[in-house]
Amino acid sequence: MTEEIIIAGFGGQGVLSMGKILAYAGLMEGKEVTWMPAYGPEQRGGTANVTVIVSDDPVSSPILSSYDTAIVLNQPSLEKFEPKVKKGGTLIYDGYGINEPPTRKDINVYRIDAMDAAAEMNLIKTFNMIVLGGLLKIHPVVKIDSVLAALRKTLPERHHHLIPKNEEAIRKGMEIIVKAGQD
Amino acid sequence: MADQEITLMKGNEAIAHAAIRCGCDGYFGYPITPQSEVLETLAAEKPWETTGMVVLQAESEVASINMVYGGAATGKRVMTSSSSPGVSLMQEGISYMAGAELPALIVNVMRGGPGLGTIQPSQSDYFQACKGGGHGDYHLIVLAPASVQEMADFVDLAFELAFRYRNPAMIMADGAIGQMMEKVVLPPFKPRRTEEEIIRECPWATTGRVGMRKPNIITSLELRSEEMEVINLRIQAKYREIEEKEVRYEEFMLDDAEYAIVAFGSAARIAKKSIEIARAQGLKVGLLRPITLWPFPSREVARLSQKVKGILSLEINAGQMVEDIMLAAGGNAPVRHFGRLGGIIPDPDEVVEALRNMF
C-alpha cells in the first residue's frame with residue numbers, strides 16, 4: 001500500500017503540522033514516510049502545501065506529478081491540485097474556503113466543514129485535526145491511536161493536556177465529512 | 001534519545017544531529033535558506049554543554065570558512081554549512097584548505113542561482129563543487145545524499161574521507177533533501193578525539209610544538225615554483241588514489257535496462273519514480289546514481305554506455321554532470337540532458353516524457 005497525499009491551504013491553517021502528524025503516525029506503525037513541504041517565504045495568509053507519502057515500501061520520489069488524495073483548504077489550492085488527483089482518487093475540501101466547488105466526475109469528492117465546526121467547538125486551533133479526522137474516515141491511512149501517539153511524541157510535554165481536545169477534533173472530523181453533493 | 005531509535009526529521013536536522021554524534025569539534029556557519037535548520041538545530045541541542053562541540057554563528061560565510069580553516073589546521077573535526085550563494089563566498093577559503101591539505105566538511109544545501117537566485121531547490125552547483133569553484137588545481141571529495149538517512153550517514157563518512165586524504169570534503173544536498181522529513185536512524189555516539197589522539201592521528205597539525213619535533217606549518221603559499229610543482233604533483237597523486245579507491249554509486253534496475261538515467265541527490269529519487277512509471281509502460285529503464293560526484297563513477301558510466309541505447313542525465317540544472325557522463329561514455333551511446341531551472345523540480349511524468357522524446 002502506498003498513499004500519496006497533498007495537503008494544501010493558507011499558511012497558518014496547520015497544513016504542515018497536519019502532514020507532520022500524519023507522517024509521524026505512519027512512522028509509529030513502522031511504515032515508510034516522506035514529508036515534503038513546498039517551503040518558501042510564505043507566512044500566515046500565504047499558500048502552503050505539503051506532500052505526505054505513507055507506504056509499506058521505500059518511498060521513491062518525494063515530488064509527485066499526481067496524488068491519490070488531495071486535501072484542499074482554499075480556492076487557489078483547489079484550482080492547483082484538483083487536476084492532479086489520480087483518476088479514481090480522492091479530493092477533500094473545506095467548505096469555508098471554497099467558493100467554486102470541484103467539478104471533476106472521475107474522482108471521489110468529499111466536503112468537510114471543518115472551519116465551521118472548529119468555530120462552533122470554540123477550538124479553532126484544532127481545525128487541522130478535524131480535517132485529519134475526515135481523511136482518516138475516508139482513508140484509514142493510519143490508526144487514530146497512532147495519531148494520538150504521534151501527538152504525544154511531537155508535542156512538548158506542556159501541551160499534552162491538549163491531546164484529548166485533538167482527539168475530540170479528529171472524531172468530529174470523522175463525523176462531519178460527507179460525500180460532496182449529498183449534504 | 002536512544003542510539004537506534006527511528007525518528008522523523010528534516011535532512012538539515014539530520015546533519016546537525018549526526019555532527020554532534022560523530023565527534024565533531026566545531027561548527028562555524030551563517031544562516032541562509034534552505035539550510036538554516038542546521039545551525040538552528042545545533043543551537044537548540046547545545047552540544048557545547050554535552051560533547052564540548054563549539055557552535056558559532058560567524059559574521060559571514062567568509063568568516064565561517066576561515067574559522068574552519070583555523071580549526072582544521074589544529075587537527076580538529078570542523079565543519080560549516082551553507083547554501084549556494086554562501087558557498088560561493090567560501091570558495092577562496094576552500095581553495096586555501098585544499099592547497100594546505102586540510103580536512104574539513106563543507107555542506108552545501110543547494111538553491112537555484114545564479115546570484116541570489118531563488119530559495120527553492122536546485123543542483124546547479126555541480127560544476128562549482130566538482131570542478132573546483134575556487135582557483136588552482138584542486139578537488140573536493142563530493143558526496144551527494146539522496147535521503148535524510150544519507151544526510152545523517154554522510155557526515156561521519158565525509159570526515160573519515162577528509163582525514164584519510166587530508167582534503168576538504170563536501171556534502172552536496174539540495175533544498176528538497178534539506179527540507180523534507182523522513183525516517184532516520186541517527187549514527188551511534190562517538191566521542192570527540194582527545195588532544196593526544198589528535199596529535200597521534202594528525203602529526204601534521206599545529207597542536208603546539210613539544211620537544212625536538214620539527215615545527216608544523218600550515219600554509220598554501222610556496223613561492224619557489226620548483227617546490228610548488230612538487231606540492232601540486234603530490235596533491236594530484238592523492239587525487240588519483242581517491243579516484244581509484246573512493247568511487248561510490250548505487251545501481252537500480254539496470255540489469256535488463258535498455259535506457260539508463262544517471263542522476264544524483266533528489267533527482268535520483270525522482271528518477272526512481274519515473275522508472276516505475278516507464279516500466280509500467282513497457283520502457284525498460286534503470287538508474288545509475290553517483291553517490292560520490294567527485295570522484296565520478298566514470299568507469300561505471302563507460303560500462304553502461306556499451307550496454308544501453310541511450311543515457312539521460314537528469315539534473316535539476318541546465319546540464320552540468322552531463323559533461324562528465326559524455327566524457328565517460330566516449331560516444332558509445334547517445335547522452336542527453338533533462339532538467340528544470342530556477343528552483344523548479346522536475347516531476348516524474350515529465351522525466352518519462354523527456355526520455356521518450358529524446359531517444
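In the predicted model described here, strand β6 (residues 141-143) of chain B is joined to strand β7 (residues 168-174) of chain B by three bridges, and the two strands run parallel. Within this pairing, Ile141(B) has Ala169(B) of β7(B) as its bridge partner. Both strands belong to an open sheet of seven strands in chain B, whose order is β3-β2-β4-β5-β7-β6-β12 and whose pairing is mixed. The edges of this sheet are formed by β3 (54-57) and β12 (292-294) of chain B, each of which pairs on one side only, and from one strand to the next the twist averages 20°. Helix α3 (residues 61-73) of chain B lies across four strands, namely β2 (26-29), β3, β4 (78-82) and β5 (104-110) of chain B, and its direction is at about 160° to that of β4(B).

A second open sheet, of nine strands, includes strands of both chains, in the order β7(A)-β6(A)-β5(A)-β4(A)-β1(A)-β3(A)-β2(A)-β8(B)-β1(B), again with mixed pairing. At its edges stand β7 (178-179) of chain A and β1 (6-10) of chain B, and because each has a single partner strand, one side of each is left without a neighbour in the sheet. Within chain A, strand β1 (residues 2-10) and strand β3 (residues 47-55) pair in the antiparallel sense through nine bridges, with Val50(A) in β3(A) as the bridge partner of Ile7(A). Helix α4 (residues 127-138) of chain A packs on this sheet, where it touches β4 (67-72), β5 (85-94) and β6 (108-112) of chain A and makes an angle of about 145° with the direction of β5(A). On the part of the sheet contributed by chain B, helix α7 (residues 148-165) of chain B lies across β1 and β8 of chain B, at about 45° to β8(B).

The two chains meet within this sheet, where β2(A) and strand β8 (residues 181-185) of chain B are joined by two bridges and run antiparallel; here Trp35(A) stands opposite Met181(B). The contact between the chains as a whole takes 18 residues from chain A and 19 residues from chain B. On the side of chain A, the elements that give two or more residues are α1 (15-28) and β2 (32-37), and β2(A) gives the most, with six residues. This side comprises 11 nonpolar, five polar and two charged residues.

Further along chain B, helix α13 (residues 321-329) has Met321(B), Val322(B), Asp324(B), Ile325(B), Ala328(B) and Ala329(B) as buried residues. These residues lie on the same side of α13(B), because they cover an arc of only 160° around the axis. Among the elements that cover them are α6 (126-130), β10 (259-262), α12 (298-305), β13 (310-314) and β14 (335-338) of chain B. Glu323(B), which is also in α13(B), counts as partly exposed because it has 16 C-beta neighbours inside 10 Å. The C-alpha atom of Glu323(B) is separated by 9.9 Å from that of Phe127(B), although the two residues are 196 residues apart along the chain.

The axes of α12(B) and α13(B) come within 8 Å and cross at roughly 60°, and the crossing is right-handed. Ser298(B), Val301(B), Ala302(B) and Ser305(B) of α12(B) make this contact with Asp324(B), Ile325(B), Ala328(B) and Ala329(B) of α13(B), a set that divides into five nonpolar, two polar and one charged. Just after α13(B), Gly330(B) adopts a positive phi of about 50°.

Technical notes: Residues numbered from 1 in each chain as written. Chains lettered and ligands numbered in written order. Predicted model: local features only at pLDDT ≥ 70, side-chain atom pairs only at ≥ 80, totals over all residues. Pairing = 2+ DSSP bridges. Axes fitted to C-alpha atoms, helices over the stretch in contact; angles between N-to-C directions. Contact = placed C-beta atoms within 7 Å. Buried ≥ 20, exposed ≤ 12 C-beta atoms within 10 Å, placed from the backbone. Arc of directions from axis to C-beta. Nonpolar A, V, L, I, M, F, W, Y, C, P; charged D, E, K, R; others polar. Left-handed = near helix turned anticlockwise from the far one by under 90°.
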